[in-house]
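Open the model in your viewer and keep the selection tool at hand. The stops below go from the whole chain to single side chains.

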Amino acid sequence: MEKFSVLMSVYAREQSAYLKEALRSVFEQTVPPSEVVLVKDGPLTTELEAVIASFAGRYKSLKIVALTQNMGLGNALNVGLSACTYRLVARMDSDDLSLPGRFEAQLRVFDEYPDVSVVGGWISEFDKDPKDIISYRKLPQTDRELKLICQLKNPLNHMTVMFSKKDVLNAGGYQHFYLFEDYWLWVRMIKNGVKLYNVQEVLVNVRGGTAMAARRGGVEICKE
């Protein structure tokens, strides 16, 4: 299958145990990534640095991009995107769990539909136990359906997407739009005529709860 990058960002307020599980879920895939670009968005805690050092020692495909100060998610992702080597880039949050077949399922879509630019999927949500699912966010599959609902809500679960790096850059990349960086990106890409697709299965198990709702902001606001 085609080589691809994974793009992640982490900042000081995140928990080291969550980052460890998120990275493990990325590397232990049926089709592992060719590289993982992890942006350190400003100085991190000793615990976070220890997790990153541990994975860097085990996986040569882990590429670290260190920012001297916190720039916010949109800016950090732009910096990381420029460091991604491959045509296809998968987004991953630093506290979620990608299901083992996530990347394989998305690569199959790109292989079958070469005119598609962004492939997302469904999410499940948990509070403390990843096996105790409390909710789902399921979205339509086809480009036509997704462009229709985009007028009302976010058509893609950001933490699940894999996209064409070129098409994201052609739309101006991530731009600062507090809580809505991803939604604003999809709108601009749609205006450029790109095609979207959602795999009709859960690709990422998302850490929920009150604390995460406050942290994620835009994702929660856009949920049904």
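The tour starts with the overall fold and then visits strands, a helix, rings and a polar site.

**Whole chain**

Show the cartoon first. This is a predicted model. The protein holds 9 helices and 9 strands. Its C-alpha trace spans about 45 × 35 × 35 Å along the principal axes. The radius of gyration is 16 Å, which agrees with the value near 17 Å expected for a compact globule of 224 residues. Of those 224 residues, 53% count as buried.

**Strands 1 and 2**

Select residues 35–41, which form strand 2. How many of its residues are buried? The count is 7 of 7. Now colour by side-chain direction. Glu 35, Val 37, Val 39 and Asp 41 point one way, while Val 36, Leu 38 and Lys 40 point the other way. Both sets are buried, including the charged Glu 35, Asp 41 and Lys 40.

Add residues 4–10, which are strand 1. Strands 1 and 2 pair in the parallel sense over 6 bridges. To find the register, pick Ser 9, which stands opposite Val 39 in strand 2.

**Strand 4 and its two partners**

Move on to residues 88–91, strand 4. Leu 88 and Ala 90 lie on one side and Val 89 and Arg 91 on the other. All four are buried, so both faces of strand 4 are covered.

Which strands pair with strand 4? Strand 1 does so in the parallel sense, over 4 bridges. Here Ser 5 has Val 89 as its bridge partner. Strand 8, residues 162–164, pairs with strand 4 in the antiparallel sense over 3 bridges. Select Leu 88 to see Ser 164 of strand 8 opposite.

**Helix 3**

Select residues 73–83 and look down the axis of helix 3. Its buried residues are Gly 74, Ala 76, Leu 77, Gly 80 and Leu 81. They cover an arc of only 160° around the axis, so they sit on the same side of helix 3. The spacing fits a general rule: an α-helix has 3.6 residues a turn, so residues three or four places apart point the same way.

**Aromatic rings**

Show the rings next. The whole structure has 5 aromatic pairs. One of them joins Phe 27 and Tyr 59, with ring centres 3.9 Å apart and planes at 10°, so the pair is stacked. The two rings come from distant parts of the chain, 32 residues apart. Phe 27 belongs to helix 1 (residues 16–27), and Tyr 59 to the loop between helix 2 (46–58) and strand 3 (62–67).

Are the two rings buried or partly exposed? Phe 27 is buried, at 8% relative accessible area. Tyr 59 has 23% and is partly exposed, because the cut-off for buried is under 20%. Add Phe 55 to the selection: ring pairs link Phe 27, Phe 55 and Tyr 59 into a cluster.

**Charges over rings**

Select Tyr 18 and Arg 207. Arg 207 lies over the face of Tyr 18, 3.6 Å from the ring centre. Then go to Tyr 136, where Lys 138 lies over the ring face at 5.3 Å from the centre.

**A buried asparagine**

Finish at Asn 154, in the loop between helix 5 (143–149) and strand 8. Asn 154 is buried, with a relative accessible area of 3%. What does its side chain contact? One polar contact goes to the side chain of Asp 182, at 2.9 Å. Another reaches the side chain of Trp 186, at 3.3 Å.

Definitions and conventions. Residues are numbered from 1 along each chain as its sequence is written. This is a predicted model: local features need pLDDT of at least 70, side-chain atom pairs count only at pLDDT 80 or more; totals for chains, interfaces and linings use all residues. Side-chain values use heavy atoms; hydrogens and water are left out. Buried means under 20% relative accessible area, exposed over 50%, partly exposed in between (1.4 Å probe, protein chains only). Helices (H or I, at least four residues) and strands (E, at least two) are DSSP runs, numbered from the N terminus. Two strands pair if DSSP finds at least two bridges between them. Rings of Phe, Tyr and Trp (its six-membered ring) pair if their centres lie within 6.5 Å; planes under 30 degrees apart count as stacked, over 60 as edge-to-face and the rest as tilted. A charge sits over a ring if NZ of Lys or CZ of Arg is within 6 Å of the ring centre and within 35 degrees of the ring normal. The arc is that of the directions from the helix axis to the C-beta atoms. A polar contact is a pair of N or O atoms within 3.5 Å; within protein, one must be able to donate a hydrogen and the other to accept it, and residues adjacent in sequence count only if both atoms are side-chain atoms. The radius of gyration is taken over C-alpha atoms; the globule rule is 2.2 Å times the number of residues to the power 0.38.
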